[in-house]
Amino acid sequence: MNKILLLLNFVFVTLAQGYSQDNILINSYNRPVTSLNGAWNYIVDPYETGYYDYRYTPHDLSQNPSNGAFYLNAKPKDKTDMIEYDFDQSPTMQVPGDWNSQVEKIYYYEGTVWYKKSFDYKVLDKHKKLFLSFGAVNYRADVYFNGKKLGVHEGGFTPFHFDITNLVKANENFIVVKVDNKRKKEAVPTLNTDWWNYGGITRDVNLVEVSETFINDYFIQLAPKNKNLISGYIALKGTQKANQKIILSIPELKLKQELTTDTSGRAAFAIKVNKLKYWSPDQPYQYEVVVSTLNDVVKDKIGFRTIETKGQDILLNEKSIFLRGICIHEENPLRQNRAHSIEDAKLLLTWAKELGCNYVRLAHYPHNEHVIRLADEIGLMVWEEIPVYWTIQWENAQTYANAENQLKEVINRDKNRAASIIWSMANETPVSKARTEFLLRLATKTRELDPTRLVSAALEIHATDAEPFTKTIDDPFADHVDVLSFNQYVGWYDGLPDKIDRIQWNIKQNKPVLISEFGADAKYGLHGDSLTRWSEEYQKEVYVKTIKMLQRIPQWRGVTPWILVDFRSPRRLLPGVQDGFNRKGLLSDKGEKKAAYAVLKDFYATIRKQYELK
Ligand code: GCU
């Protein structure tokens, strides 16, 4: 009987921790936290011998797990003890950080690596709670604390946390995390992607101490299509959450609103404002917002803007805009690793600004929180995307639950960021009934969680044999997005550059169009004529012709060429040219500008004037 109960608990813990929704810890970014970043011991465990016993039963399921269970961080008690691991004698690596770039011998490794971090804390006040918070772990994390299983999180790019209030001690605490980055058919993303599968505790780890009843969630934005109404809700979590007084204040507006929570601990509000300084890329104005209760206070910097579509236009603060963008992967090319720090964010977003961008597409998964908060600060609009990429298992309920959970986690994290304007459901997914239903469920959930932003996805486009140069968007999901977006590679994957000149677009939907990708590979410094594949001249020709061709689309309102900078991909194997890199960057992996860079920069300067004179 015990085994069954343990199994049920194991399943519940796995499901509950991975996909529960009230597990929100809003804005820990601005709370005083104790960072656990730094050196963590690690053990590479390809056979997961620290997780399974020799009969391949998880140690988690055993009532008295053997010392072989790594999560116990066991030590020999006397000279007879047989323990075949020792975290403290094992090497260390930096957290946050992927293991591929830190440890040469596991550069290509896909499997389990165990991490251990010991720390002293203090005697936790009995009216406080303590959370262990991860910015992200790629891909699956089994998390243990002081020898107890806290839970499991799946999904490599969104934050999660666990309550360790009742487990933390004044001294000698230890965290053990089993990180497994094996790719799986049923996962999100699935087996095949065109980016490096960096494994590890790839983002910040913090201890977050809050009052036993604390502000765990808030949504403070302009109401959809109403630039004079700040609306949303504030929610408390804890034993005293009902009928509690909350003060929402925005000092610069001399706004101080007193709210009272309902029995669920939530208080909705709608506050008329006028003379707001609206957030925009040219004026990324942010207000200090203070949310306080008897025992808790959280501060945030929030920009207020409206974003909507009207026919073929995208309106920012009721003004038609053109999104001058670029795609970005979460990779620091100069350090050749998974980007995770504010310095990495500054490098990439400064490059985008220098290019003349007012917008970036964060491909193909949620990037770390430093990026979205920096975009808020310096004025870049952002397309955020969950890694529902290519051949996802559309009929698998667990796959859908995983995708929806990642969507909820990024929306919960970023819903107060003015920079975030578009939630993307997917990238280049093959059309089928199951796929469109999967995406429609995600879009419905998105609009339920956040009615203030636009929904899109990189849709499928088609031409027919009868009319090979006429492209249409006959993707059924086009009826469910606010903005039509698609990737097109005419001149690279689809014919040679001269084919671009012959392309016509037959887009029937009366919606704005964003080109979410176009481009061509070029090895920096490789020169030839405009038909020499991999040369800078070929890439430049594709840019010149594509920009001209896209202007024939009356609904064209933005573009994010693929991609800002060369990035690592296990699929790109041409010696002397790719060498494990996708070379479609406008910048080389050393930050060198290729010939096509100036073409896009000049176009953005021109189109900006055109829109600003409107
Ligand atoms: C696709 C895909 C990208 C990929 C790119 C390419 O459109 O969305 O992730 O890297 O094409 O083939 O370079």
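**Pockets, cavities and the ligand site**

The largest pocket here has a volume of about 600 Å³, and I should say at once that what we are looking at is a predicted model. That pocket is lined by 31 residues, and those lying nearest its centre are Ser 28, Ser 133, Phe 134, Pro 159 and Glu 369. If we sort the lining of the largest pocket by class, we find nine nonpolar residues, 17 polar ones and five charged ones.

Which elements supply at least two residues each of that lining? They are the strands β1 (33-35), β5 (128-134) and β8 (160-163), together with the helices α3 (369-378) and α4 (397-414). The largest share comes from α4, which contributes four residues to the lining of the largest pocket.

Let me turn from the open pocket to the enclosed spaces. A search of the whole structure gives four cavities of 30 Å³ or more, and the largest cavity has a volume of about 130 Å³. This largest cavity is lined by 16 residues, among which Asn 138, Tyr 139, Arg 183, Pro 189 and Asn 197 are the closest to its centre. Its lining divides into seven nonpolar, five polar and four charged residues.

Now to the ligand. There are 14 residues around the ligand, and the ones that come nearest are Asp 194, His 364, Glu 428, Tyr 493 and Glu 517. By class, this shell is made up of five nonpolar, four polar and five charged residues.

Which side chains place a polar atom 2.8 Å from an oxygen atom of the ligand? Tyr 389 does so through an N or O atom of its side chain, and the side chain of Asn 582 likewise has an N or O atom 2.8 Å from a ligand oxygen. For Asn 427, a polar side-chain atom lies 2.9 Å from an oxygen atom of the ligand. As for how much of the ligand is covered, taken alone it exposes 320 Å², and the protein buries 97% of that area.

I will finish with a single residue, Phe 304, which sits in the loop between β17 (297-302) and β18 (307-310). Is Phe 304 buried or exposed in that loop? Its relative accessible area is 0%, and because buried means under 20%, Phe 304 counts as buried. The C-alpha atom of Phe 304 is separated by 9.6 Å from that of Ala 419, although these two residues are 115 residues apart along the chain.

How values were computed:
Residues are numbered from 1 along each chain as its sequence is written. This is a predicted model: local features need pLDDT of at least 70, side-chain atom pairs count only at pLDDT 80 or more; totals for chains, interfaces and linings use all residues. Side-chain values use heavy atoms; hydrogens and water are left out. A residue is near a molecule or strand if one of its heavy atoms lies within 4 Å of it. A polar contact is a pair of N or O atoms within 3.5 Å; within protein, one must be able to donate a hydrogen and the other to accept it, and residues adjacent in sequence count only if both atoms are side-chain atoms. Accessible areas come from the Shrake-Rupley method with a 1.4 Å probe; for residues, only the protein chains shown count as cover. Ala, Val, Leu, Ile, Met, Phe, Trp, Tyr, Cys and Pro count as nonpolar, Asp, Glu, Lys and Arg as charged, and the others, Gly among them, as polar. On a 1 Å grid over the protein atoms alone, a cavity is a set of points where a 1.4 Å probe fits but cannot get out, and a pocket is an open set with protein on both sides within 12 Å along at least five of seven lines; lining residues have an atom within 4 Å of a point. Grid points are joined across faces, edges and corners, and a volume is the space filled by probe spheres set on the points. Buried means under 20% relative accessible area, exposed over 50%, partly exposed in between (1.4 Å probe, protein chains only).
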